[in-house]
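Visitor: Please choose a single part of this structure and lead me through it closely, for I am new to it. I should also like to understand how that part fits into its surroundings.

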Amino acid sequence: MIGSEVDVASYATEGFLVVRSLLDANTIEALQQATDELEAMAATFVRDAAVGRVYFEVQSASGRKREPAIFPGALRKITSPSKASPAFHALRGSERIIEFATALGISSARCVVDQINPKLPVHGSGFPFHQDAAFLHGVALRDLEAFGGVNVVVALDPADEDNGGFTVLARTHTSGLVPGQYRYDASQTLEHRFDTTHRAVPALAPGDAIFFSPWLAHGSGPNRSERRRRIATLWFVGSGS
Ligand SMILES: O=C(O)CCC(=O)C(=O)O
């Protein structure tokens, strides 16, 4: 039972919850290896490209989408790694994650988005502040609005402020969606649009996780270090059954 590990009151107030060692070392090793294999598949890519149903977004100089890679194989995001990798497929259905989602009030949680964000040493650009709920559509958005949802970031490498760690703007999840974030222009921080009073960059070890509200504003800075920073992100919505 994970009930005692979950501070539901703090999650409700802050909009996020750090969970240490959410995943064990073997699971993380399998995800790291799968990430290496996906990165190797994209080793020659100089433009955004799909391989089957996995989508690779390259790291451009500005950080914007649809611009050329700074060097072949430089990646900023891999969308739907679960379509090619058994380890990421298993992560979508992770009982441990589902248990936490349930404890946080999301029943019969189903995963609607899975991705990897590999932030390159020195070159990896930041993510502008945004709220994930602004980027859902169709049935997933309908279920989010009807049954709620929870998103989770799992660290695959040690992450902190210096290598562009995941940054939350705590308590922003209760103020509704902020306009003007939809272009998702990675060359801006959009800091001026959000309340940054309770900004936090939790230091994470591989296997640590942050559960957060789909309405919580978050983003991250560039990787100024010589260390890579890879995270897996998953979005869950309730299904009411
Ligand atoms: O990689 C990060 O630090 C932020 C990722 C994120 O918020 C996103 O991909 O929407």
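**A strand and its surroundings**

Guide: In this predicted model, buried residues account for 43% of the 241 residues in the chain. A compact globule with 241 residues would have a radius of gyration near 18 Å, and the chain agrees with this because its own value is 17 Å. Along its principal axes, the C-alpha trace spans about 45 × 40 × 35 Å. The chain holds five helices and twelve strands. Among contacts with a separation of 6 or more, 83% join residues that are 24 or more positions apart.

The part chosen for a close look is strand E10, which comprises residues 209–212. In a regular strand, side chains alternate between the two faces of the sheet. For E10, Ala209 and Phe211 lie on one side, while Ile210 and Phe212 lie on the other. These four residues are all buried, and both faces of the strand are thus covered.

The strands beside E10 come next. Strand E1, residues 16–19, runs antiparallel to E10 and is joined to it by four bridges. Within this pairing, Phe16 has Phe212 of E10 as its bridge partner. Strand E7, residues 149–155, also pairs with E10 in the antiparallel sense, again over four bridges. Here Asn151 stands opposite Phe212. Phe212 therefore serves as a useful point of reference, since it faces Phe16 in the pairing with E1 and Asn151 in the pairing with E7.

The wider sheet gives E10 its context. Eight strands form an open sheet, in the order E1-E10-E7-E12-E5-E4-E3-E2, with antiparallel pairing. E1 and strand E2 (49–51) stand at its edges; each has a single partner strand, so one side of each is left without a neighbour in the sheet. On average, neighbouring strands of this sheet are turned by 20° against each other, direction ignored.

Further along the order, strand E5 (residues 110–119) and strand E12 (residues 229–237) run antiparallel and are joined by nine bridges. In that pairing, Lys119 is matched with Arg229 of E12. E5 also pairs with E4 in the antiparallel sense, over two bridges, and there Gln115 of E5 stands opposite Thr79. E4 in turn runs antiparallel to strand E3 (residues 54–58), to which four bridges join it. Thr79 appears in this pairing as well, as the bridge partner of Tyr55.

Two helices lie across strands of this sheet. Helix H2, residues 25–41, lies across E2, E4 (75–79), E5 and E12, and runs at about 70° to E5. Helix H5, residues 138–147, lies across E5, E7 and E12, and runs at about 70° to E12. E7, the partner of E10, is thus among the strands that H5 crosses.

A second sheet should be described beside the one that holds E10. Four strands form this open sheet, in the order E6-E11-E8-E9, and their pairing is antiparallel. Its edge strands are E6 (127–130) and E9 (199–200), each of which pairs on one side only. Strand E8, residues 166–169, pairs with strand E11, residues 218–220, in the antiparallel sense over three bridges. Phe166 and Ser220 of E11 are bridge partners there.

Those two residues also appear around the ligand, whose surrounding residues are Asn117, Phe127, Phe166, His218, Gly219, Ser220, Ile231 and Thr233. The elements that give two or more residues to this shell are E11 and E12. E11 provides the largest share, three residues. By class, the shell has three nonpolar residues, five polar residues and no charged residues.

One last residue offers a contrast with the buried residues of E10. Thr174 lies in the loop between E8 and E9. Thr174 has 11 other C-beta atoms within 10 Å and is therefore exposed. Although Thr174 and Trp215 are 41 residues apart in sequence, their C-alpha atoms are 7.4 Å apart in space.

To return to the chosen part, E10 follows E1 and precedes E7 in the order of the eight-stranded sheet, and both of its faces are covered.

Technical notes: Residues are numbered from 1 along each chain as its sequence is written. This is a predicted model: local features need pLDDT of at least 70, side-chain atom pairs count only at pLDDT 80 or more; totals for chains, interfaces and linings use all residues. A residue is buried if 20 or more other C-beta atoms lie within 10 Å of its own, exposed if 12 or fewer, and partly exposed in between; C-beta atoms are placed from the backbone. Two strands pair if DSSP finds at least two bridges between them. The radius of gyration is taken over C-alpha atoms; the globule rule is 2.2 Å times the number of residues to the power 0.38. Two residues are in contact if their C-beta atoms, placed from the backbone, lie within 7 Å. Axes are lines fitted to C-alpha atoms, for helices over the stretch in contact, and angles run from 0 to 180 degrees between N-to-C directions. A residue is near a molecule or strand if its C-beta atom, placed from the backbone, lies within 6 Å of it. Ala, Val, Leu, Ile, Met, Phe, Trp, Tyr, Cys and Pro count as nonpolar, Asp, Glu, Lys and Arg as charged, and the others, Gly among them, as polar.
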